[in-house]
Amino acid sequence: MSEFRVTAISKLHAEFTVPGDKSMSHRAAILGGLSNGVCVIRNFLPSEDCCNTLNAMQALGASCEILDELAGYGPLNLRIHGQSMRLSAPAAALDCGNSGTGMRLLAGMLAGQAFASELYGDASLSSRPMNRITVPLGQMGAHIECRGDKPGCAPLVIQPAKLRPITYEMPVASAQVKSAILLAGLFADGTTTVIQPAATRDHTERMLAAFHVTTRQLGNAISIDGGQIPAACDFTVPGDISSAAFWLVAAAALPGARLLLTDVGLNPTRTAILKVLSRMGARMLDVVHHAQGEPIGNIEIHGAPLKGTTILASEVPNLIDEIPVIAVAAALADGRTVIRNARELRVKETDRISTVVNNLRAMGAVVEEFDDGMEIHGGHPLHGTQIDSFGDHRIAMAFAIAGLFATGETIIRNTACVNTSYPGFARHLDAILQQRSNSDFTLRP
Ligand code: S3P
């Protein structure tokens, strides 16, 4: 079983490019495959999650050619042949691996097809709630059976159906649920509207626009008219700010550190992490250099002594994936950090409230656990120990960052899971651990 061995660092002067955005890579594979022609996708994230979605689109008839690969992982630049919304029945069940995004978006797309399909995933994905999509899709007329051992869980067996449009008020703020319904809405006769309780990441809406599919937004309600065919286009995926977050925290918490992250996605529904780290005391400059479609830019961050903060309820959906590493920053900061209204963390790849709290405590942090979050009393020194990722990529990476600030050696066990979102993380971590000279260094994916 693979592991990371991490010791404390005393300097960090670097320029990084993190791999492509996971959310956008899933969507680019799906919309490219539904489009009316050939699309070139650049800087696709060659992670297990996104490769599974790409494989699913190929199994549904959208063939794909790899133009460039990230050695040992998968496609970076690729050409996908869109099927003009006419997918073909897959020969076998579709594997979504560890990915909630892959399964939920594909289920939305498959709900209104004239053929049957089945989606399955690993043990973690098979225990995550799928009824949050099967209920609204069922209201649209879809026939989806949750065949998991746990009620409401995968495998999902989807029977042929003709969909009708609905207006659906989502009980939880989830971009995956919103996107599943919008994709199903593309195949429904009429206008489908989804109302979110709070703003969630809007990559689906932006990417639909890039493919010339119209959506309308009124407050937190988003509508789509069925029957539109995505127009083929080329799409370059920016770096994933959720992957950048690990290095942002490492630099923020190390006084004297300087880090430049280039070509990162700076979509405002994803950048709350920058506001939080600024509030905690990090000095930061983010500059958008490409503002069409998805904003892309550079982030320069300088480390400083950090102080605790309160995460606002409205910020939670905007930084849900960054909370594990924000909790690490909080343990390194002076004072109290409050993270509440984040019950959704309990249904991610692991129960991230309990995995973060237990791992932080194992390293010497003082943390209180709540049903919907945690309160971290920062400033207690962290010590190295053995940490389990529990198979959760973001837990593995967040605690690798904690190890950079702990006395002794931190061993993170069960780290192969990082490939679900950040192929090459181990190489980037290694470069930081090896930085001995005073010179800056540059890292590409
Ligand atoms: C994602 C949405 C988020 C996030 C996930 C990716 C997406 O989940 O946690 O990693 O690509 O739509 P929610 O459905 O909770 O918003």
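This note goes through the ligand site of a predicted model and then two backbone details.

1. Residues are numbered from 1 along each chain as its sequence is written, and side-chain values use heavy atoms, with hydrogens and water left out. As the model is predicted, local features need pLDDT of at least 70 and side-chain atom pairs count only at pLDDT 80 or more, while totals for chains, interfaces and linings use all residues.

2. The shell around the ligand, taken as residues with a heavy atom within 4 Å of it, includes Lys22, Ser23, Arg27, Gln176, Arg201, Asp321 and Lys348. By class, the shell has five charged, four polar and two nonpolar residues, where Asp, Glu, Lys and Arg count as charged, Ala, Val, Leu, Ile, Met, Phe, Trp, Tyr, Cys and Pro as nonpolar, and the others, Gly among them, as polar.

3. Helices here are DSSP runs of H or I with at least four residues, and strands are E runs of at least two, numbered from the N terminus. Both α1 (22-34) and α5 (175-186) supply at least two shell residues each, and α1 gives the most, with three.

4. Because domain 1 (3-20 + 238-443) and domain 2 (22-236) both give residues to the shell, the ligand lies between them; the domain bounds come from an automatic or database assignment.

5. Polar contacts, pairs of N or O atoms within 3.5 Å, can be followed one at a time: a side-chain N or O atom of Asp321 is 2.6 Å from a ligand oxygen, a backbone N or O atom of Gln176 is 3.0 Å from a ligand oxygen, and a polar side-chain atom of Lys22 is 3.4 Å from one. The protein buries 95% of the 390 Å² that the ligand exposes when taken alone, by the Shrake-Rupley method with a 1.4 Å probe.

6. Turning to the backbone, Ala154 and Pro155 are joined by a cis peptide bond with omega about 5°, and Pro155 is in the loop between β8 (143-146) and β9 (156-159). Asn43, in the loop between β3 (38-42) and α2 (48-59), has a positive phi near 60° although the residue is not glycine.

Terms used: A polar contact is a pair of N or O atoms within 3.5 Å; within protein, one must be able to donate a hydrogen and the other to accept it, and residues adjacent in sequence count only if both atoms are side-chain atoms.
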